[in-house]
Amino acid sequence: MQTLDEDGTVDPWRRRARRSRRQMPLWQELPLLLVVAFCLAVLIRTFLLQAFFIPSGSMEDTLLIGDRVLVNKVVYDVRDPVRGEVVVFRGTDRWAPQVDEQPEPGFAGKLTRTVGDLVGVSRPGEKDFIKRVIGLPGDRVKCCDSQGRVTVNGTPLNEPYVLRDSPLDLPPNPSECRSRRFDEVVVPPGQIFVMGDHREVSQDARCQGPVPIDNVVGRAFMVVWPSSRWSSLSVPSTFDDVSGPGAASSGAPPVRPTPQGGVLLILPLAAALRGSRAFRTMTSSSAT
C-alpha cells in the first residue's frame with residue numbers, strides 16, 4: 001500500500017527510502033552484519049559469558065581434554081562461590097603455569113590473537129585454571145579420614161565425581177600434589193580451596209595454596225562441545241551436610257543453586273555455538 005500526502009499524491013521521500021532498503025546489495029549488508037556480530041561477541045565475552053577449552057586431564061572425567069565449557073562471568077558479582085561449583089580462575093604466583101608456552105607469533109598471528117582475545121576464542125593465559133570448589137573462607141580442609149576421604153569442617157566427603165584419586169601410601173608433601181594426604185588447611189578470608197576431580201594429576205590448592213575469590217573469572221555451568229557431551233555442570237549433593245565457618249555470615253544454611261535459570265537463558269546461544277562450523281574449528285580460550 002502506498003503512503004499518500006494530504007493532497008493524495010505519493011510521498012516521494014518514503015518511496016525513495018523503501019527503494020533504497022530493497023536495493024541494498026549483499027556486499028554492503030554483509031559487512032554491517034559482521035560488525036554488529038563482532039560487537040555483540042565482545043560485549044558477551046566481556047560482561048556475560050566466555051567459552052573455555054579444556055587442554056588437560058585435571059578435571060577428568062567431569063571434563064575431558066578437548067571439551068568446551070561456558071562460563072558465567074556475572075554470577076559472582078551478586079554472590080560468592082558455593083562448595084561443589086566448578087570455577088575458572090587466574091592462579092596466583094604460587095600456581096605453576098600448566099599451558100605450554102607458544103612461540104612468539106608474527107604480525108598476522110598477533111592480529112588474530114588480539115581479535116580472538118576480544119571475542120573469547122583465543123589461546124588461554126598461562127595461568128587460567130578450572131577446578132572444583134571444596135572449601136570456603138574459614139573452612140578447615142584436610143585429608144584423610146579412616147576411609148581416605150577429604151574432610152571439610154570434620155565432615156567427610158563422598159565424592160562420586162572423583163574416579164581416579166591420589167595414592168594413600170605417599171607421605172604428604174606441601175610442594176607437590178602427588179599424595180592424597182595433606183595437612184589441615186584453614187582457608188583464609190576472601191579465598192577458596194579448590195581441587196581437580198582427577199586427583200592423580202591435578203596440581204591444585206593442596207600444594208599451590210588457596211585462590212582469592214577476586215581471581216575467579218566465573219562459574220563453568222555447561223559443556224557445549226563436543227555435542228555428544230552437551231550437559232550442565234550441576235552442584236553435587238556431596239556438600240549438603242557440610243556446615244561451619246564457610247556458611248553464609250548471616251547464619252543461613254548454605255545455598256545449592258540450580259543451573260536451570262542460567263541454562264535456559266544461554267540455551268539459544270549455546271545451540272547456535274554448538275551448530276556453528278566456526279565454533280568447531282576455532283580454538284577457544286582454555287583452562288587447565
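This report walks through the fold, the cores, the salt bridges and one histidine of the protein shown above.

It's a predicted model, so a few ground rules apply: local features need pLDDT of at least 70, side-chain atom pairs count only at pLDDT 80 or more, and totals for chains, interfaces and linings use all residues. Residues are numbered from 1 along each chain as its sequence is written, and side-chain values use heavy atoms, with hydrogens and water left out.

## Overall picture

The protein has seven helices and 13 strands. These are DSSP runs numbered from the N terminus, with helices being H or I over at least four residues and strands being E over at least two. Of its 288 residues, 40% count as buried; here buried means under 20% relative accessible area, exposed means over 50%, and partly exposed is in between (1.4 Å probe, protein chains only). About 15,800 Å² is exposed, and carbon and sulfur atoms supply 56% of that. Areas come from the Shrake-Rupley method with a 1.4 Å probe, and for residues only the protein chains shown count as cover.

Now for contacts, meaning heavy atoms within 4.5 Å. Among contacts in the protein with a separation of 6 or more, 73% are between residues 24 or more positions apart.

## A four-stranded sheet

One open sheet has its four strands in the order β7-β6-β5-β8, with antiparallel pairing. Strands count as paired if DSSP finds at least two bridges between them. At the edges sit β7 (155–156) and β8 (182–186), each pairing on one side only. Strands β5 (residues 140–143) and β6 (residues 150–152) run antiparallel and are joined by three bridges. Take valine 141: its bridge partner in β6 is valine 152.

## Cores and a surface patch

Valine 141 turns up again in the largest nonpolar core, which has 29 residues; Val87, Phe89, Ile134, Val141, Ile192, Phe193 and Val194 have the most contacts inside it. At least two residues of this core come from each of α3 (75–78), β3 (86–90), β4 (128–135), β5, β6 and β9 (191–195). Strand β9 gives the largest share, four residues. Apart from this core lies another, of 14 residues, including Leu63, Val69, Val86 and Ala287. A core here is a set of buried Ala, Val, Leu, Ile, Met, Phe, Trp, Tyr and Cys residues joined through side-chain atoms within 4.5 Å. In soluble globular proteins, nonpolar side chains tend to be buried together.

Valine 194 has a mixed set of partners: setting aside residues up to four places away in sequence, it touches Val87, Phe89, Trp95, Lys131, Arg132, Val133, Ile134, Asp204, Ala205 and Val211.

On the surface, Leu26, Leu30 and Leu34 make a nonpolar patch of about 320 Å². Patch residues have over 30% relative accessible area and no salt bridge, with like charges joined within 9 Å and nonpolar side chains (Val, Leu, Ile, Met, Phe, Trp, Tyr) within 5 Å. Leucine 30 belongs to helix α2 (residues 26–48) and is partly exposed at 42% relative accessibility.

## Salt bridges

There are 12 salt bridges, each a side-chain nitrogen of Lys or Arg within 4 Å of a carboxyl oxygen of Asp or Glu. Here are some of them.

| Pair | Closest N and O atoms |
|---|---|
| Arginine 229 and aspartate 67 | 2.8 Å |
| Arginine 219 and glutamate 85 | 3.7 Å |
| Glutamate 159 and arginine 199 | 2.9 Å |

Arginine 229 is partly exposed, with a relative accessible area of 23%, whereas aspartate 67 is buried at 1%. In the second pair, arginine 219 is buried at 6% relative accessibility, and glutamate 85 is buried at 1%. Glutamate 159 also counts as buried, at 14%, as does arginine 199, at 1%.

Separately, Glu60, Asp61 and Arg164 are linked in a network of salt bridges.

## Around histidine 198

Which residues does histidine 198 contact, leaving aside its neighbours within four places in sequence? They are Gly57, Ser58, Met59, Glu60 and Arg164. Glu60 and Arg164 also belong to the salt-bridge network. Histidine 198 is found in the loop between β9 and α5 and is buried, with a relative accessible area of 7%. Histidine 198 and serine 58 are 140 residues apart in sequence, yet 5.0 Å apart in space, C-alpha to C-alpha.
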